[in-house]
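Reader: I am new to this structure. Please take one part and walk me through it closely.

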Amino acid sequence: MKLLRSFMLKYGSIIAVAALTTGKLAANQACWFFFNQPKVPECMKKYIKE
C-alpha cells in the first residue's frame, strides 16, 4: 500500500493529464459503429469542437 501511495503521489498529475487528453481526443471523434455510440458525460461536452 505504501508503494502505491508513493507512486500516485509521484506520477498522479501525469496520469491525470494523460486521462484528460485522451478524453478530449475521444470526445471529438465519431464512433465507427452506429450501434455503439456511448453517451458523452456532461463535463466532457465543453471540450467538443463544433
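Author: What follows is a close look at the helix and the residue where it bends.

Start with the whole. This is a predicted model. The protein chain has 1 helix and 0 strands. Buried residues make up 6% of its 50 residues. The accessible surface of the chain comes to about 5,100 Å². Carbon and sulfur atoms account for 67% of that surface.

Now the helix. Helix α1 covers residues 2–27, and Tyr-11 sits within that stretch. How far should the 26 residues of α1 span? At 1.5 Å a residue, the expected span is 38 Å. The end C-alpha atoms of α1 are 35 Å apart, which agrees. Yet α1 has a bend. It comes at Tyr-11, and the angle is about 60°.

Stay with Tyr-11. Is this residue buried or exposed? Tyr-11 counts as partly exposed, because its relative accessibility is 34% and the partly exposed class runs between the limits of 20% and 50%. Phe-7 falls in that class too: its relative accessibility is 41%, so it counts as partly exposed.

These two residues also meet through their rings. A pair of aromatic rings is described by the distance of the centres and the angle of the planes. A search of the whole structure finds 1 aromatic pair. Phe-7 and Tyr-11 form that pair, with 5.1 Å from centre to centre. The planes are 50° apart, and the pair is tilted. Both residues lie in helix α1. They are 4 residues apart, about one turn of the helix. An α-helix has 3.6 residues a turn, so residues three or four places apart point the same way.

Phe-7 and Tyr-11 belong to a wider group as well. They join Met-1, Leu-4, Met-8, Ile-14 and Ile-15 in a nonpolar patch on the surface. Together the patch residues have about 760 Å² of accessible area.

Last, look further along α1. Ala-26 is also placed in this helix. With 49% relative accessibility, Ala-26 counts as partly exposed, because exposed means over 50%. Ala-26 and Val-40 are 14 residues apart in sequence. In space, their C-alpha atoms are 9.8 Å apart.

Note on methods. Residues are numbered from 1 along each chain as its sequence is written. This is a predicted model: local features need pLDDT of at least 70, side-chain atom pairs count only at pLDDT 80 or more; totals for chains, interfaces and linings use all residues. Side-chain values use heavy atoms; hydrogens and water are left out. Patches are made of residues with over 30% relative accessible area and no salt bridge: like charges are joined within 9 Å, nonpolar side chains (Val, Leu, Ile, Met, Phe, Trp, Tyr) within 5 Å. Accessible areas come from the Shrake-Rupley method with a 1.4 Å probe; for residues, only the protein chains shown count as cover. A salt bridge is a side-chain nitrogen of Lys or Arg within 4 Å of a carboxyl oxygen of Asp or Glu. Helices (H or I, at least four residues) and strands (E, at least two) are DSSP runs, numbered from the N terminus. Buried means under 20% relative accessible area, exposed over 50%, partly exposed in between (1.4 Å probe, protein chains only). Rings of Phe, Tyr and Trp (its six-membered ring) pair if their centres lie within 6.5 Å; planes under 30 degrees apart count as stacked, over 60 as edge-to-face and the rest as tilted. The expected span of a helix is 1.5 Å times one less than its number of residues. The bend at a residue is the angle between axes fitted to the seven residues ending there and the seven starting there.
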